[in-house]
Amino acid sequence: MNLVLVGLNHCSAPVAVRERVAFPRAKLGEATCELLGAAKLAEAAIVSTCNRVEIYTLAADAEQAGPALRRYLHTYHKLTEPLDGYLYERHNRDCIAHLMNVVCGLDSMVLGETEILGQVKDAYAAAQLAGATGAALNRLFQKAFAAAKHIRSTTAITRGSTSVANVAVELAEKIFRDLTQSTVMVIGTGTMSEATAKALRSRGAGTLLVCGRDREKSGTLAAQLGGRAIHYDDWPVEFSKVDIVISATASPHPIVTREKLIPLMKARHNRPLFLIDIGVPRDIETGCDELENVYLYNMDDMQQIAKDNLAVRKREINICRELIAERVTRLAEWLEERYQ
Amino acid sequence: MDRYCFWMALLFYVAASALTHRRLRSGRAVASLHHINVMLMVAGFLLQLAGLVLRGMNLQRCPLTNLFEMQMFIAWALVLFYLLIGPSYRVSFLGAFTAPMVTVLMLTGLVAPIDKPHMPALKHSPWIEFHAGIGILACGALALAFVVAAMDFVQDRQLKSHHPGPTFRLLPAVEQLDVIGVRLLKLGVALLTIGMLGGIISETVVGAWPWPKVVWAWATWLVYAALLAARTVGNWHGRRAAVATMAAFVFLLTAYWGMSWLAR
């Protein structure tokens with residue numbers, strides 16, 4: 001008996017191919033059962049996310065299982081063009097190492113991301129529910145989850161955020177005691193400010209105010225994020241109640257200056273204020289950062305933090321691989337003893 | 001025998017400080033390390049308590065007769081408030097900052113030649129023991145306020161630098177530290193006030209206190225009352241509040257050591 005993996009991911013296939021071979025979440029169990037019958041496999045599990053589709057199986061003959069899995073992908077998705085150039089195949093030890101790398105986020109588009117662990121857990125649960133897993137795959141997945149837990153707690157592979165929006169959230173969480181009690185104001189709508197506001201909202205940020213010259217645009221964004229739209233000229237009136245400001249206007253001059261901020265800080269009893277300046281040219285005068293309890297971050301600052309965090313994660317790759325290698329050896333030995 | 005207990009307690013606090021150093025370097029919030037840190041602090045606290053009880057039994061009174069005993073008591077009160085406050089606020093890394101502070105207080109107390117029999121100027125009275133005991137507990141709360149202010153200062157600096165270091169993720173939010181700092185100050189000032197009242201009442205029983213001690217006690221109380229007013233009514237938050245809280249505690253220690261040396 002051999003472990004056989006056939007799949008494709010964001011490195012081997014473009015999104016146009018990935019979306020055609022993706023399995024709907026609700027149909028994972030049904031598809032796995034169909035696969036067991038079609039390819040004559042002992043065990044199987046399908047992992048399908050936006051960045052990867054992978055089929056993990058236990059088969060009597062590895063040489064036959066590979067082509068059978070490729071055929072199954074073609075048949076199930078009714079593809080007319082060949083997939084061979086996009087697919088990769090891994091056997092036994094390499095298959096174990098691959099899954100462990102995947103669940104630890106080492107094979108992800110964003111190195112060290114943790115969402116993939118939940119997605120693989122869901123895929124495993126679907127296969128288990130469909131009765132498609134047995135001793136080998138159960139052990140493979142459980143050992144992979146244990147490896148991910150160990151690596152996440154002992155290395156820095158998941159440390160820090162690697163996107164600008166999440167860096168902003170991370171900073172806000174180190175300024176404010178409770179994000180649910182904070183008020184966020186978005187001045188000027190744009191992709192980046194929207195992403196940052198969304199990220200803050202997803203972490204429970206309380207009230208959201210959207211302020212822009214284009215009333216329709218700010219109204220739409222406010223409705224989308226469950227906030228309130230205010231007129232551009234009214235932002236100084238609301239400012240004293242605000243804790244986090246995301247500014248992304250096209251103004252050629254700074255709209256928030258040190259002189260304007262001093263009385264506003266007094267009005268808000270000198271409570272901490274987080275200013276996120278995404279505008280180019282900058283919307284917030286750099287001198288504002290010198291004021292006590294004012295924390296001003298611009299795009300460059302946040303991009304640099306994201307870059308530093310990614311560098312820290314990259315430095316951890318070798319440590320993670322060493323930790324994984326030990327576990328791969330132990331599991332491969334167990335499989336050999338049991339099935340050969 | 002009591003000194004052995006203090007030395008052993010110090011060993012646990014040194015171990016907790018070493019663990020802190022490791023956690024700071026790694027920048028990882030490992031739950032198991034946090035639990036080990038708390039256990040080491042609890043072990044140190046119990047040994048220190050045993051030392052204080054043994055010394056009290058020998059003296060047949062509250063062990064607050066010389067500078068050494070007072071220093072051991074302050075360190076013990078600091079750990080007591082850490083153990084009470086830490087879990088209720090779930091302040092990550094409070095123990096990590098408390099352990100080195102306790103280590104310094106204990107080590108200087110044990111190494112310096114300050115453990116000498118000292119006959120207090122005033123005759124023995126339960127009111128004096130009440131005054132001293134509550135005063136020392138106040139010092140413990142204010143020492144923890146110093147620790148929290150130090151954490152606040154470090155976190156504020158990291159946020160202002162725009163290049164947060166490894167401790168950034170381990171420390172709580174500046175706003176949370178600010179709230180805890182104010183609550184500790186309120187507790188400390190309340191205890192100081194009760195201790196002062198105990199001191200005033202004791203005068204009617206055992207006679208007037210030496211005037212340098214009276215001046216020091218009032219000066220300390222005024223400094224802390226002013227600081228509390230600034231942080232609550234005056235809207236002092238962040239770095240200024242943290243620096244003022246640390247400076248107030250340095251003043252308290254300097255005045256307390258100075259007065260104790262003068263009394264010798």
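Trainee: Which residues of α9(A) are exposed?
Mentor: Exposed means 12 or fewer other C-beta atoms within 10 Å of the residue's own, buried means 20 or more, and partly exposed lies in between, with C-beta atoms placed from the backbone. On the other side of α9(A), the exposed residues are Glu216(A) and Ala223(A).

Trainee: What kind of model is this, and how are its parts labelled?
Mentor: Residues are numbered from 1 along each chain as its sequence is written, while chains are lettered from A and ligands numbered from 1 in the order in which they are written. Local features need pLDDT of at least 70, side-chain atom pairs count only at pLDDT 80 or more, and totals for chains, interfaces and linings use all residues, for the model is predicted.

Trainee: Which residues of helix α9 of chain A are buried?
Mentor: Helices are DSSP runs of H or I with at least four residues, strands are runs of E with at least two, and both are numbered from the N terminus. Helix α9(A) spans residues 215-225. Its buried residues are Ser218(A), Leu221(A) and Ala222(A).

Trainee: Why do the buried residues of α9(A) line one face of the helix?
Mentor: Look down the axis of α9(A). The arc is that of the directions from the helix axis to the C-beta atoms. The buried residues line one face because they fall within an arc of 100°.

Trainee: What do the buried residues of α9(A) pack against?
Mentor: Contact here means C-beta atoms, placed from the backbone, within 7 Å. The partners are one helix and two strands of chain A: α8 (191-202), β6 and β7.

Trainee: Which residue follows α9(A)?
Mentor: The residue has a positive phi, near 70°. The residue after α9(A) is Gly226(A).

Trainee: What is the strand order of the open sheet in chain A?
Mentor: Two strands pair if DSSP finds at least two bridges between them. The open sheet has 6 strands with parallel pairing. Their order is β7-β6-β5-β8-β9-β10.

Trainee: Which are the edge strands?
Mentor: Each edge strand pairs on one side only. In chain A these are β7 (228-231) and β10 (294-298).

Trainee: Which residue of β6(A) is the bridge partner of Met185(A)?
Mentor: Strand β5 (residues 183-187) of chain A runs parallel to β6(A), and 5 bridges join them. The partner of Met185(A) is Leu209(A).

Trainee: Which residue of β7(A) is the bridge partner of Gly212(A)?
Mentor: Strand β6 (residues 207-212) of chain A pairs with β7(A) in the parallel sense over 4 bridges. The partner of Gly212(A) is His231(A).

Trainee: How many residues of β6(A) are buried?
Mentor: Strand β6(A) is largely enclosed by the rest of the structure. The count of buried residues is 5 of the 6.

Trainee: How many residues does the largest nonpolar core have?
Mentor: A nonpolar core is a set of buried Ala, Val, Leu, Ile, Met, Phe, Trp, Tyr and Cys residues joined through C-beta atoms within 7 Å. Those with the most contacts inside the largest one are Ala168(A), Leu275(A), Leu78(B) and Leu144(B). Its largest share, 18 residues, comes from helix α5 (residues 126-161) of chain B. The core's total is 125 residues.

Trainee: Is Asn293(A) buried or exposed?
Mentor: Asn293(A) sits in the loop between β9 (273-277) and β10 of chain A. Its phi is positive, about 65°, although it is not a glycine. With 25 other C-beta atoms within 10 Å, Asn293(A) is buried.
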